Amino acid sequence: MSKYYEVDEKDERLTDVEKQGNDMLSGYQSDMDKALDNNKSALSGINSKLEQGQKELEAAANERTEFAIDEIERQKANAQKDYTKEQSGAYKDWQTQKDPYGVNAEKMAGAGLDGTGYAESSQVRMYNQYQARVTVAREAIQRTMDNFNAKIAEARMQNSATLAQIAYDTMIKQVEYELTFAMKNTELLTQMAGQKVAIKQQNQQNYMSVYQQLIQEAQYNASMAENKRQFDENMAFQREQFNWQKAKAAAASSGGGGGSATIKKSSGKKSSGSKKVSSSKVTKAVNKDDADGKKTTSKEPKVDMNSVLKLGYGPISASKLNSLVASGQVKEYEQNGKLKYKLVFAPRGKTQGKGTTFKTTNKNK
C-alpha cells in the first residue's frame with residue numbers, strides 16, 4: 001500500500017522551476033511577436049518602395065508627355081507665324097499691284113491700257129489672287145492646327161494608358177508580396193503554436209521532476225524518522241528488559257526471605273516450569289533492593305532479543321510482548337539459558353510487520 005507524502009508547493013525549488021518555465025515561454029512569445037512585427041514592417045517597406053517606384057514612373061511618363069505636348073505647341077506657334085507671314089505677304093502683294101502709282105500702273109499706262117477694260121479686269125484678277133492666297137493659307141493653318149491638337153490628345157491618351165499600366169504593374173507586385181508575406185505569417189504562427197506546446201510540456205516535465213525529487217526527499221526523511229523511532233523504541237525496549245531482568249533477579253533473590261516478591265506457578269499443565277512474576281511485586285522488589293543498596297545476582301535467563309525481533313513486530317516494548325504472550329499469540333520458552341519467543345498465530349485482520357508495538361509478560365516455559 002503506497003503512502004502519500006505531502007509536498008510544500010511553495011518550496012523555493014518548485015517556484016524557481018515554475019518561474020523559469022514561465023520566463024522561457026514569455027521570452028519565446030516575445031521573440032515570435034518581434035518576428036511577426038518584422039514581417040509586417042518588411043511588407044510595409046516593400047509596399048512603400050513599390051508606391052514610390054510607381055510615382056517615379058508616372059512622373060517620368062508625365063514628363064515625357066508634357067515634353068511632347070510642348071514640342072507640338074512650339075510647332076503650332078511656328079505654323080501660326082508662317083500663316084501670319086503668308087497673310088501679310090499676300091496683302092502687301094495685292095496692295096502693290098493695285099497701287100495707281102506703282103510699277104503695274106506705269107506699265108499699263110505705257111501700254112495704253114490705263115482706263116480700259118483690261119485694266120479693270122487686271123485689278124479684279126489681282127484681288128482674286130490675293131483672296132485665293134488668303135483662303136489657301138487659312139485652310140492650311142486650320143489643318144495644321146487640327147493635326148497638332150490631335151497629336152496632343154493622342155499624347156495625353158498614351159500617357160494615360162502608360163500611367164494605367166504602371167499602376168497595374170505595381171498592384172500585381174503588391175499582391176504577390178502580400179501573398180508571400182501572408183504565407184510567412186502563417187508559417188510563423190504555426191511554428192509558434194507548436195513550439196509553445198513543446199515548451200509547456202517541457203516546463204511540466206521539469207516541474208514534475210523537481211516535485212518527484214521533493215517526494216523522494218519526503219520519503220527519505222520519513223524513513224530516517226522511522227529508523228530513529230525504531231532505534232529509540234529499541235533502546236527503550238532494551239532498557240525495559242534490563243529493568244525487567246533486574247526486577248526478576250531481585251524477586252528471585254528475595255523470594256524466600258521477606259516475601260517482598262511472589263513467584264506464582266502458571267495455571268494449567270506445567271510444560272517446562274514457566275513462571276509469571278507480578279509486575280507490582282517486581283517493582284517493589286526493585287525498589288526495596290535499591291533502597292537497601294544491595295547488589296543482587298540472578299540466575300534467571302536473559303531475554304533473547306533476536307527471537308523477539310523474529311516475531312515480525314519490530315522492537316516492541318516489554319509490556320506489549322507481555323500482552324501477546326498473555327493472549328496466546330506468542331509463546332515464551334527457555335532454551336540454552338535464554339528466554340525466547342515464537343509466534344503462535346497472527347490475530348485475524350492483522351499481519352506481521354513493522355510499525356506495530358507490543359509489550360511483554362514474564363512467562364517461563
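Visitor: How many bridges join β3 to β5?

Guide: First, a word on the model: it is predicted, so local features need pLDDT of at least 70 and side-chain atom pairs count only at pLDDT 80 or more, while totals for chains, interfaces and linings use all residues. Residues are numbered from 1 along each chain as its sequence is written, and side-chain values use heavy atoms, leaving out hydrogens and water. Strands are DSSP runs of E (at least two residues) and helices are runs of H or I (at least four), each numbered from the N terminus. β3 and β5 run parallel, and the number of bridges that join them is two.

Visitor: Which are the edge strands of the sheet?

Guide: The sheet is open, with three strands in the order β3-β5-β4 and mixed pairing. Pairing requires at least two DSSP bridges between two strands. Those that pair on one side only are β3 (302–303) and β4.

Visitor: Which residue in β5 does Val303 stand opposite?

Guide: Follow β3 and β5, which run parallel. Across from Val303, in β5, stands Leu339.

Visitor: What angle does the direction of α6 make with that of β4?

Guide: Two helices are worth tracing here. α5 lies across β3, β4 and β5, at about 10° to β5; axes are lines fitted to C-alpha atoms, for helices over the stretch in contact, and angles between N-to-C directions run from 0 to 180 degrees. α6 packs on the sheet too, touching β4 and β5, and its direction makes with that of β4 an angle of about 100°.

Visitor: How wide is the arc that the buried residues of α6 cover?

Guide: Buried means under 20% relative accessible area, exposed over 50%, and partly exposed in between (1.4 Å probe, protein chains only). In α6 the buried residues are Ala318, Leu321, Leu324 and Val325. They sit on the same side of α6 because the arc around the axis, taken from the directions to the C-beta atoms, is only 115°.

Visitor: Which elements give two or more residues to the largest nonpolar core?

Guide: A nonpolar core joins buried Ala, Val, Leu, Ile, Met, Phe, Trp, Tyr and Cys residues through side-chain atoms within 4.5 Å. This one has 13 residues, and those touching the most other members include Val303, Leu321 and Val330. Val330 is in contact (heavy atoms within 4.5 Å) with residues including Leu311, Leu321 and Tyr341. The elements giving two or more residues are α3 (117–254), α5 (305–313), α6 (318–326) and β5 (338–343).

Visitor: Is Asn336 buried or exposed?

Guide: Look in the loop between β4 and β5, where Asn336 lies. Its phi is near 55°, a positive value in a residue other than glycine. Most residues other than glycine have a negative phi. With a relative accessible area of 71%, Asn336 is exposed.

Visitor: Which residues is Asn47 in contact with, leaving aside its neighbours within four places in sequence?

Guide: Asn47 lies in helix α1 (residues 12–98). At 14% relative accessibility it counts as buried. Beyond those neighbours, Asn47 is in contact with Gln174 and Glu178.

Visitor: Which element of the chain has the lowest mean pLDDT?

Guide: pLDDT is the predictor's confidence in each residue, from 0 to 100. The chain averages 74, with 71% of the residues scoring at least 70. Strand β4 (residues 330–335) has the highest mean among the elements, 88, while the lowest, 37, belongs to strand β1 (residues 263–265).
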